[in-house]
Amino acid sequence: MNLQLLLFICLLSVYSVCGQVSYSIPEEMSKGSLVGNIAQDLGLEIKRLISGKAKIYTRSSDEYMELNRERGVLLVKQRIDREALCTETALCALHFQIILENPMEFYTVTVQITDINDNAPTFKNNEIHFKISESATIGAKFNLERALDNDSGKNRVENYVLNSTDHFALKMHNNADGHKNVEMVLQKPLDREKQEQISLVLTAVDGGEPQMSGTMMIAITVLDVNDNAPVFTQQTYKATVTENSPKGTIVATVTASDADHGSNSKITYFITNALESVRNVFEINKENGQISVIGNIDFEKSKQFELNLHAIDEGGLTDTCKLLIEVQDVNDNTPEINIMSKSTVISEDAKINTVVTMINVEDQDSEENGNMKCFISENIPFILKGSSNNFYSLVTDSELDRELSSEYNITVTCSDEGLPSLSSSVTLTLQISDVNDNAPVFERSSYEAYIVENNTPGLSIFTVKATDADWNQNARVSYILEDSSVNGVPVSSYVSVSADSGVIHAVRSLDYEHIKDFHFRVKAQDGGSPPLSSNVTVKILIQDQNDNPPQVLYPVQTGGSVVAEMVPRSADVGYLVTKVVAVDVDSGQNAWLSYKLQKATDRALFEVGLQNGEIRTIRQVSDKDAVKQRLTVIVEDNGQPSRSATVIVNVAVADSFPEVLSEFTDFTHDKEYKDNLTFYLVLALAVVSFLFITCLVVIISVKIYRWRQSRILYQSKLPVIPYYPPRYSDTLGTGTLPHVYNYEVCRTTDSRKSDCKFGRAGSQNVLIMEPSSTGTMQRIQSDRNILDEPDSPLEVS
């Protein structure tokens, strides 16, 4: 009940001023006990503790407190023993910081640990012995061992009680450190003959609730007369010792003298300090009073020692003195760099003076040995800003650019001012996260590509390429065809762009005669948020193909009427009859036209200009020339392969129009004849093709058969007798007609149609035996000549 009341009173002492809060709790509180509502006392909301990832930062490795972010309270993490935590100080407190991120903040928290009476006073020795001369005078003092109580304040030793005696009384003296020295004062003369041995009980009582005590037995042997006590030459001695002095180092020598002689003047020296921190570091030579080092002297743990020395002679008389030892610091501790809070990743668009890391530096040495300076690597966009109490903040000093440097290894070095100077360093690795601050950049400022017309839809034309200096998703480039039109038609109906690869495809088959080139814009857009983009102009040039035949503009070919050019019979050589005019919508050499006379009623009368298409006479027109002349002119372009068109030019050789009119009244019949002739030509082509394939099969079969027969004859070794057909004739005749032809001429008087048929030569097949061959025959087929015009007279030359 008393413990709970004490806890309640301590919690009422909470205060928070200017980012600092203090609490007071008793020691030995159980794990999970409430220390205080840190969120309320610091004026923070619970969600700020959670979002800021609040945590406790302490310089020591032991953590006695824990922070509950969800409740915003401080709790005891482990049992706190004040006596183990603070061995030599009256005030005991825990100091730590509450660190928050986003933005970074820290608050100082102090928790005072109050003492409870959990330790009883104890004596180092359960029993001590005194030898006191019976001649000891009243008022003689005998120094007693002081009881040790690890508690503090009113819970430490408050009083001593000496029981079972009427010879001695207790006298207590308060020291500057708050402890009490106890002396046993003789108040009644001793008589060895009456009582040689005296047993006393010394009880030490503390002031706590409940009160606790410890006892020690005192055994006194009464001796004969020794009437001079030892006397130290000084009541207070002072000495200095260097930190980390080796064991065995002599610190000081104390001296006491005794006016007695003999054994009564022999003095023995003791250290009477009860604290282990003194007894484990120093020892005194009992005979000569030299104090030497036996343990490790650490300035950071103890800067000063106070030794209580006791000199006693053989008669039991004593004297006391003090030895004050000052510890001199040496530079034996390197600066300790503690990372309070740090960020491993920072955005490249972070503002200047953005806190990246908070650092606390501590050097346990003192004065110059403990003065520190910290610095970081040069030529980086960061600086180290110092504040009070050796706190530093690593902040940005200039703008960051991930594209120049995506990672920084920042080395923080701290050195003290000791001789020699000691230093320590820590390396912080900081990643720079990407921000979409770079737009895609095309490899070229503009593109120009060629494609041949009549392409296949879906054909790949070429590829545009853009790069983005950013990283990951921000550098993922997509290609978009911007909306535009070509001759009023959306450009998307001509080309498409692959969003991932930038490959430009033709959507349709392009025609050079309709469009020769067109422009459009391609946009490259990255995957950032918001996205950045750039665009480029693409020009597509269409290359011509020879896909259009020439078109005859003049003379105009009509369906029913007959148009003829008149040539007077008096026309001389070179007379311009007419001019064939043709165009080709292709370009370049595909549009270069040449004119040739394909057929003519009289080839000796007319010619066509190869380049200009002019029809001229090449001889003098005579009266024998037919009135109606029919010329077929072919117009060819220069493409590969070339294309052509034909035109029929009707020429009337006459001097008067009535004569021309009578001659051309049957032109309508010619048209019907031309239609019939086309049908027959197609039919004849089909029949000839069928006969050709049949003959080819027969010839191959015969060849195979003869090959097999020749193999048989070769294997049988029979003689080969050449075969001569019965109707074999010489082909080397000297006449104009080496063979006999049959002619069948059919003429009509009304329709003005004439047919002329050539019969086959009398010898359809001629077999020729070459002298060097054995059994090889060749077939010579006769040619068939057909007159170009049915009305022309038959001429054989």
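**Exercise 1: the main core**

Find the largest nonpolar core of this predicted model and say which residues have the most contacts inside it.

*Solution.* Start with the head count: the largest nonpolar core has 29 residues. Within that set, I504, F518, F520, V522 and V538 have the most contacts. Next, map the core onto the strands. At least two core residues come from each of β34 (446–452), β35 (460–463), β37 (478–481), β40 (495–497), β41 (503–506), β42 (517–525) and β43 (533–543). Then zoom in on V522, skipping its neighbours within four places in sequence: V522 is in contact with F442, V464, Y479, I480, L481, V497, I504, S534, N535, V536 and V538. Finally, don't stop at one core. A second, separate core holds 28 residues, among them A39, Y64, C86 and V111. As background, nonpolar side chains in soluble globular proteins tend to be buried together.

**Exercise 2: a three-stranded sheet**

In what order do the three strands β35, β40 and β41 sit in their open sheet, and why do β35 and β40 each have one side without a neighbour?

*Solution.* Work out the order before anything else: it runs β35-β41-β40, with antiparallel pairing. β35 and β40 therefore stand at the edges with a single partner strand each, leaving one side of each without a neighbour in the sheet. For the twist, ignore direction and average over neighbouring strands, which gives a turn of 25°. Now look at one pair up close: β35 and β41 are antiparallel partners over three bridges. To get the register, use T463, which stands opposite V503 in β41.

**Exercise 3: an aspartate in a loop**

Is D586 buried or exposed, and which residues is it in contact with?

*Solution.* First locate D586: it sits in the loop between β47 (581–583) and β48 (593–600). Then check accessibility. The relative value is 5%, and buried means under 20%, so D586 counts as buried. For the surroundings, leave out the neighbours within four places in sequence; D586 is then in contact with E453, E513, D544, Q545, N546, D547, N548 and A591. One of these, N548, joins its side chain to that of D586 through a polar contact of 2.9 Å. As a last step, compare sequence and space: D586 and P550 are 36 residues apart in sequence, with 8.7 Å between their C-alpha atoms.

**Exercise 4: cysteines**

How many disulfides does the structure hold, and what is the handedness of the one between C374 and C414?

*Solution.* The count is one. C374 is joined to C414, with an S to S distance of 2.0 Å. The torsion about the S-S bond is about 110°, so this disulfide is right-handed. Now place both ends: C374 belongs to strand β28 (residues 372–376) and C414 to strand β31 (residues 407–416), so to speak two distant parts of the chain, 40 residues apart. Both C374 and C414 are buried. Two other cysteines are worth a look. C321 counts as buried at 5% relative accessibility, whereas C695 is partly exposed at 42%.

**Exercise 5: unusual backbone geometry**

Where are the cis peptide bonds at P103 and P210, and what is the sign of phi at E367 and N390?

*Solution.* Keep the baseline in mind: most residues other than glycine have a negative phi, and most peptide bonds are trans. Take the prolines first. N102 and P103 are joined by a cis bond with omega about 0°, and P103 lies in the loop between β7 (93–100) and β8 (105–114). The bond from E209 to P210 is cis too, with omega near 0°; P210 is in the loop between β14 (197–206) and β15 (213–223). Now phi. E367 has a positive value near 50° and is placed in helix α6 (residues 367–370). With a relative accessibility of 61%, E367 counts as exposed. N390 has a positive phi as well, near 60°, and lies in the loop between β29 (382–386) and β30 (391–396). At 30%, N390 is partly exposed.

**Exercise 6: a threonine in a strand**

Which side chain makes a polar contact with the side chain of T110?

*Solution.* Begin with the setting: T110 is in strand β8 and counts as buried at 6% relative accessibility. Not counting residues up to four places away in sequence, T110 touches Q20, V21, S22, Y23, A93, L94 and H95. From that list, the partner is H95, with a side-chain polar contact of 3.3 Å.

Methods: Residues are numbered from 1 along each chain as its sequence is written. This is a predicted model: local features need pLDDT of at least 70, side-chain atom pairs count only at pLDDT 80 or more; totals for chains, interfaces and linings use all residues. Side-chain values use heavy atoms; hydrogens and water are left out. A nonpolar core is a set of buried Ala, Val, Leu, Ile, Met, Phe, Trp, Tyr and Cys residues joined through side-chain atoms within 4.5 Å. Buried means under 20% relative accessible area, exposed over 50%, partly exposed in between (1.4 Å probe, protein chains only). Helices (H or I, at least four residues) and strands (E, at least two) are DSSP runs, numbered from the N terminus. Contact means heavy atoms within 4.5 Å. Two strands pair if DSSP finds at least two bridges between them. Axes are lines fitted to C-alpha atoms, for helices over the stretch in contact, and angles run from 0 to 180 degrees between N-to-C directions. A polar contact is a pair of N or O atoms within 3.5 Å; within protein, one must be able to donate a hydrogen and the other to accept it, and residues adjacent in sequence count only if both atoms are side-chain atoms. A disulfide is a pair of cysteine sulfur atoms within 2.5 Å.
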